Amino acid sequence: MKIIYGLDLGVASIGWAAVELNDIGIYEIKGMGSRIIPYSDTEGDEFSKGVGESVNQQRTKDRTARKGLDRYQLRRTLLKKVLKENHLFPDAFLI
């Protein structure tokens, strides 16, 4: 028998489950649940009106922006490398 654990990390909640897989391929749920991340008083008011966002949601947006910038810079660096290797990018333009 094999136990598989699942975890779902959301913006304002964390969910989990434990599933057991028998030898013949039948799944049995052993446990599951979730935890809601509470908002502060002002966050809850704004969020219920549809204009607010949780602290975690803002952190997720910031992290996504940083990752996007990092990927953009990596693509440019790799493109310059390939172009230079194939003599398609003059040295005068290298930064």
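Start by selecting Ala 12, which sits in the loop between S1 and S2. Strands here are DSSP runs of E with at least two residues, helices are runs of H or I with at least four residues, and both are numbered from the N terminus. Ala 12 has a relative accessible area of 19% and is therefore buried; the classes are buried under 20%, exposed over 50% and partly exposed in between, with a 1.4 Å probe and protein chains only. Now add Pro 38 to the selection: its C-alpha atom is 7.6 Å from that of Ala 12, although the two are 26 residues apart along the chain.

A word on what you have open: this is a predicted model, in which local features need pLDDT of at least 70 and side-chain atom pairs count only at pLDDT 80 or more, while totals for chains, interfaces and linings use all residues. Residues are numbered from 1 along each chain as its sequence is written, and side-chain values use heavy atoms, with hydrogens and water left out.

Zoom out for a moment and switch to a cartoon view. The protein has two helices and three strands, in the order β-β-β-α-α along the sequence. Of its 95 residues, 8% are buried. Take the contacts (heavy atoms within 4.5 Å) between residues at least 6 apart in sequence: 11% of them join residues at least 24 apart. The exposed surface comes to about 8200 Å², with 59% supplied by carbon and sulfur atoms; such areas come from the Shrake-Rupley method with a 1.4 Å probe, and for residues only the protein chains shown count as cover.

Next, select Lys 30 and Glu 20. What is the distance between the closest N and O atoms of this salt bridge? They are 2.9 Å apart, and a salt bridge here means a side-chain nitrogen of Lys or Arg within 4 Å of a carboxyl oxygen of Asp or Glu. The pair links distant parts of the chain, since Lys 30 belongs to strand S3 (residues 27-36) and Glu 20 to strand S2 (residues 13-21), 10 residues apart. Glu 20 is buried at 9% relative accessibility, whereas Lys 30 is partly exposed at 48%.

Keep Lys 30 and add Glu 28, which forms a salt bridge with Lys 30 at 3.6 Å between the closest N and O atoms. Glu 28 is partly exposed, with a relative accessible area of 38%. Shared partners join Glu 20, Glu 28 and Lys 30 into one network. The whole structure has two salt bridges.

Now show Leu 7, Leu 9, Ile 14 and Trp 16 with a surface. Together they form a nonpolar patch with about 430 Å² of accessible area. Patches take residues with over 30% relative accessible area and no salt bridge, joining nonpolar side chains (Val, Leu, Ile, Met, Phe, Trp, Tyr) within 5 Å and like charges within 9 Å. Strand S1 (2-9) and S2 each give two or more residues to this patch. Ile 14 lies in strand S2 and is partly exposed at 34% relative accessibility.

Finish at helix H2 (residues 55-85), where you will find Arg 59. Arg 59 is exposed, at 52% relative accessibility. Add Arg 63, Arg 66, Lys 67, Arg 71 and Arg 75 to the selection, and you have a surface patch of positive charge that includes Arg 59. Lys and Arg count as positive and Asp and Glu as negative, with His and the chain ends not counted; each charge is placed at NZ of Lys, CZ of Arg, CG of Asp or CD of Glu.
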